[in-house]
Amino acid sequence: MSKDKNIFKATWAYADAPESTDHIKIKKQYELFIDGEFVKPSKKKYFDTIDPSNQKKIASIAEASSDDIDKAVAAANKAFTSWSKLPGKERGKYIFRIARLIQERAREFAVIESLDGGKPIRESRDIDIPLAASHFFYYAGWADKLEYAFPNRKVKPVGVAGQIIPWNFPLLMAAWKIAPALATGNTVVLKPAETTSLTALKLAEIIEESGLPKGVVNIVTGAGETGAAIVNHPDVDKIAFTGSTGVGKYIQKATAGTAKKLTLELGGKGANIIFEDAAIDQAVEGIVNAIFFNQGHVCCAGSRLFVQESVADVVIQKLKSRMETLIVGNPLDKNTDIGAINSAKQLKTIKDYIKIGLNEGGEIYQPNCKFPKNGNWCAPTLFLNVSQSHRIVQEEIFGPVLAVQTFRTIDEVVEKANNTPFGLSAGVWTQKGSKIFNLTQRLNAGVVWGNTFNKFDPTSPFGGYKESGFGREGGLHGLRGYVKFD
Amino acid sequence: MLPNLNNLPTYDTVGVNERISRFQSRSIKKSAKVEGLKLALSMIDLTTLEGKDTKGKVQQLCYKAMHSHDTLKDIPTVAAICVYPTYVAIAKEALKGSGIQAASVATAFPSGNSKLQVKLDDTKYAVEQGADEIDMVISRGEFLTGNYQYVYDEIVAVKKACGKAHLKVILETGELDTLDNVRKASEIAMYAGADFIKTSTGKIQPAATMQVTYVMFDAIKDFYLKTGKMIGMKPAGGISTSKIALQYLVMLNEMLGEKWMNKEYFRFGASSLANDILMQLVKAETGMYQSADYFSKD
């Protein structure tokens with residue numbers, strides 16, 4: 001009987017199942033949140049925030065100038081005096097309240113996150129928003145237990161924390177930054193990324209509603225210049241940055257020689273290693289989660305795949321067939337697996353890298369995807385027959401592009417996995433527990449997942465080695481960046 | 001020949017559950033839902049397998065199979081009626097001209113604990129009575145003691161006894177304990193000549209689950225890639241609502257695809273599922289749910 005490899009085509013087209021947007025409230029114009037109030041930017045400048053799935057404008061966002069940053073830092077400084085003296089138990093109450101308010105409005109947050117950022121509603125609903133709430137819950141619990149977190153040490157807050165966050169997980173990153181800072185008694189000036197300011201501004205509304213003392217959290221919007229004004233402000237005591245390695249290097253230079261504390265969480269090029277004794281189908285699912293989660297806009301994405309040669313053919317065949325079933329399209333549709341690329345600029349970066357990969361002789365594979373009109377779309381992409389010498393293997397693409405290499409032995413794969421300037425994440429797939437523990441010792445990565453990938457929990461510290469940054473966020477370790485000892 | 005069972009893929013329960021949660025979170029609405037519901041209805045093996053079965057009960061069930069809800073237009077009939085061998089002739093007579101198949105369980109159903117000759121006689125009797133399809137059970141005791149050759153040979157013998165009747169092989173996954181065992185048993189059954197592999201008798205809990213069905217789909221897919229032969233799949237027991245049935249169809253759609261999306265290659269072994277589907281179809285047509293009393297129970 002003849003075999004047809006394309007026989008497994010899924011043809012039952014699911015009807016549209018868009019999440020309703022009737023219940024969300026978005027203003028036409030958003031101001032800066034400084035000293036507990038929404039204020040107009042001093043230069044009266046605004047920029048547009050765009051829905052990346054149809055290029056339509058959603059709202060105008062205020063652009064903060066250095067004068068506005070001065071005001072925000074002054075407000076945070078003023079608030080620090082009383083906030084830092086508040087008993088931990090009282091601080092905890094506010095943080096718990098913020099967590100509960102996020103939960104109550106989870107649906108609205110999820111829809112806005114997908115609308116503004118392009119990520120599928122399945123992810124914002126099931127991952128981003130619940131995780132953001134649980135980070136607040138988790139650190140609220142630490143607020144009155146700091147003496148147990150650091151036994152026999154007298155801890156003090158650092159002061160005003162300047163926090164700059166990326167566009168890939170807007171609300172979640174805000175939670176990662178704000179929750180531990182508040183729990184330890186610091187005050188905050190936070191700047192969301194310019195393409196995804198909306199959920200941070202909705203969070204500002206919740207913070208206002210929670211009755212948090214004025215000036216404890218200030219949220220200022222804008223692009224690179226606004227961020228630079230925070231980084232270079234003399235009255236900021238700590239900078240916490242998540243974003244690209246390039247900007248991270250700039251910040252480290254700018255803060256050198258100052259008293260500012262610094263934590264950086266930067267880029268990555270995670271190795272996802274599949275051994276021949278892995279549960280292959282689940283490993284294939286893991287590969288999909290590792291690289292196509294959030295359109296590949298994940299700093300810890302498993303963007304380098306290493307497959308043991310004895311199973312390479314079957315893994316690649318199964319991966320291709322799985323990719324055929326991924327639905328790319330409207331981020332608000334409940335059946336969408338891969339949403340829109342966050343911005344036209346990022347789409348161009350990804351497309352440039354795909355060209356580079358082709359020019360370097362990589363063998364490309366993309367499933368047949370039907371894209372909606374307009375919008376920023378990129379099909380999930382594999383590059384086969386590449387090596388450590390290819391640029392698409394060395395550099396962070398930050399898109400749904402996976403570079404596939406094969407290996408023969410454990411030593412070989414450890415050497416290759418570590419052969420990168422980054423060191424953020426890695427994944428190991430094998431049914432042998434001993435092999436996982438052996439490898440976690442030898443891989444230079446802040447997070448090593450065993451038989452899973454891209455799993456996050458507020459109790460678990462996250463951060464990188466080498467050019468992926470330093471300092472840890474999440475867990476007990478996440479408190480360390482926000483305290484100093486007597 | 002008994003296939004090599006030593007290098008089969010293994011399954012990680014956590015990973016399987018994660019994949020299944022993706023199927024379960026697909027949102028099936030409007031036209032896709034109606035299409036799915038009709039398809040599911042056409043795939044049902046309406047079943048009565050009780051000690052207290054009688055001629056009357058079987059005839060009533062057959063009538064229900066042919067006239068599931070006459071006020072609804074354009075709905076398919078179920079695929080088959082599934083009964084014990086002694087009621088096959090009655091079912092066959094009642095279903096005459098309807099195109100609905102008569103299926104019979106055999107081989108000392110449900111335990112399978114008897115000697116081979118008795119099982120073969122059981123099978124032949126059901127076929128003589130007119131069964132179009134035979135649902136056999138494997139010897140789980142022999143399987144769990146590692147006597148795979150015995151299980152294989154038995155299926156080969158039953159397949160021969162079936163003649164032209166289609167053979168569905170029941171693995172009784174609720175007794176096999178691990179997903180790796182389910183894969184092993186699927187492999188044995190397919191290589192021994194099964195036309196369908198089936199999860200359960202319905203007499204053991206848990207009966208069909210999405211986890212074991214996932215593993216069996218995976219086995220069917222790999223078997224096709226190796227041999228070019230398409231094997232059918234029948235989850236049976238515990239699938240009582242439209243919602244669950246649609247989740248199975250989503251999994252079928254995304255794992256095996258359109259060639260398997262029909263009653264030739266996929267069946268639901270169920271009794272109460274049909275009425276739930278009918279209720280949903282009426283809701284889709286009229287916009288409101290009707291009382292369960294408007295749907296005949298046979």
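With which residue does A:Glu37 form a salt bridge, and how far apart are the closest N and O atoms? In this predicted model, the partner of A:Glu37 is A:Lys214, and the closest N and O atoms of the pair are 3.3 Å apart.

## Salt bridges within chain A

A:Glu37 belongs to strand S3 (residues 37-39) of chain A, whereas A:Lys214 sits in the loop between helix H7 (198-210) and strand S9 (217-219), so the salt bridge ties together parts that are 177 residues apart in sequence. A:Glu37 has a relative accessibility of 40% and counts as partly exposed, because buried residues fall under 20% and exposed residues lie over 50%.

A further salt bridge in chain A joins the side chains of A:Glu467 and A:Lys249, at 3.5 Å from N to O. This pair also links distant parts of the chain, 218 residues apart: A:Glu467 is in the loop between strand S18 (447-450) and strand S19 (469-470), and A:Lys249 is in helix H9 (residues 245-255). A:Glu467 is partly exposed, with a relative accessible area of 32%. A:Lys249 is likewise partly exposed, at 41% relative accessibility.

## A salt-bridge network in chain B

In chain B, B:Asp45 and B:Arg267 form a salt bridge whose closest N and O atoms are 2.9 Å apart. B:Asp45 lies in strand S1 (residues 44-47) of chain B, and B:Arg267 lies in the loop between helix H10 (242-255) and strand S8 (268-270) of chain B, so the pair ties together parts that are 222 residues apart in sequence. Both B:Asp45 and B:Arg267 are buried.

This pair belongs to one network, in which salt bridges that share partners join B:Asp45, B:Glu133, B:Asp135, B:Lys168, B:Lys198, B:Lys234 and B:Arg267. Over all chains, the count comes to 52 salt bridges.

## A buried arginine in chain B

B:Arg140 is part of helix H6 (residues 140-144) of chain B. The relative accessible area of B:Arg140 is 6%, so the residue counts as buried, the cut-off being under 20%. The side chain of B:Arg140 reaches the backbone oxygen of B:Pro110 at 3.0 Å. With residues up to four places away in sequence not counted, B:Arg140 touches B:Pro110, B:Ser111, B:Gly112, B:Leu171, B:Glu172, B:Glu175 and B:Leu176.

## The two domains of chain A

The domain assignment divides chain A into domain 1 (16-266 + 468-485) and domain 2 (271-458). The centres of these two domains, taken over C-alpha atoms, are separated by 29 Å. Contact between them involves 38 residues of domain 1 and 33 residues of domain 2. The area buried between the two domains is about 2,900 Å², with carbon and sulfur atoms giving 57% of it. A:Ser53, A:Trp167 and A:Ser468 supply 19% of the area that domain 1 buries against domain 2, more than any other three residues.

Zero salt bridges are found across this domain interface, while 15 residue pairs are in polar contact, both residues being at pLDDT 80 or more. On the side of domain 1 that touches domain 2, the elements giving two or more residues are helix H3 (106-117) and helix H4 (121-142) of chain A. H4(A) gives the most, with nine residues. By class, this side of domain 1 divides into 14 nonpolar, 16 polar and eight charged residues.

## The interface of chain A and chain B

Between the chains, 37 residues of chain A are in contact with 41 residues of chain B. The two chains bury about 3,400 Å² between them, with 48% of this area on carbon and sulfur atoms. Of the area that chain A buries against chain B, 24% is supplied by A:Phe8, A:Trp12 and A:Gln282, more than any other three residues.

Six salt bridges are found across the interface of chain A and chain B. A:Asp337 and B:Arg22 form a salt bridge, with the closest N and O atoms 3.2 Å apart. The interface also has 20 residue pairs in polar contact, both residues being at pLDDT 80 or more. Helix H10 (280-292) and helix H11 (309-323) of chain A are the elements that give two or more residues to the side of chain A that touches chain B. The largest share of that side, five residues, comes from H10(A). By class, the side of chain A that touches chain B has 14 nonpolar, 10 polar and 13 charged residues.

Key: Residues numbered from 1 in each chain as written. Chains lettered and ligands numbered in written order. Predicted model: local features only at pLDDT ≥ 70, side-chain atom pairs only at ≥ 80, totals over all residues. Heavy atoms only, no water. Contact = heavy atoms within 4.5 Å. Buried area = accessible area lost by both parts, 1.4 Å probe. Salt bridge = Lys/Arg side-chain N within 4 Å of Asp/Glu carboxyl O. Polar contact = N/O pair within 3.5 Å; in protein donor to acceptor, adjacent residues only side chain to side chain. Helix = DSSP H or I, 4+ residues; strand = E, 2+ residues; numbered from the N terminus. Nonpolar A, V, L, I, M, F, W, Y, C, P; charged D, E, K, R; others polar. Domains from an automatic or database assignment. Buried < 20%, exposed > 50% of the residue type's maximum accessible area, 1.4 Å probe, protein only.
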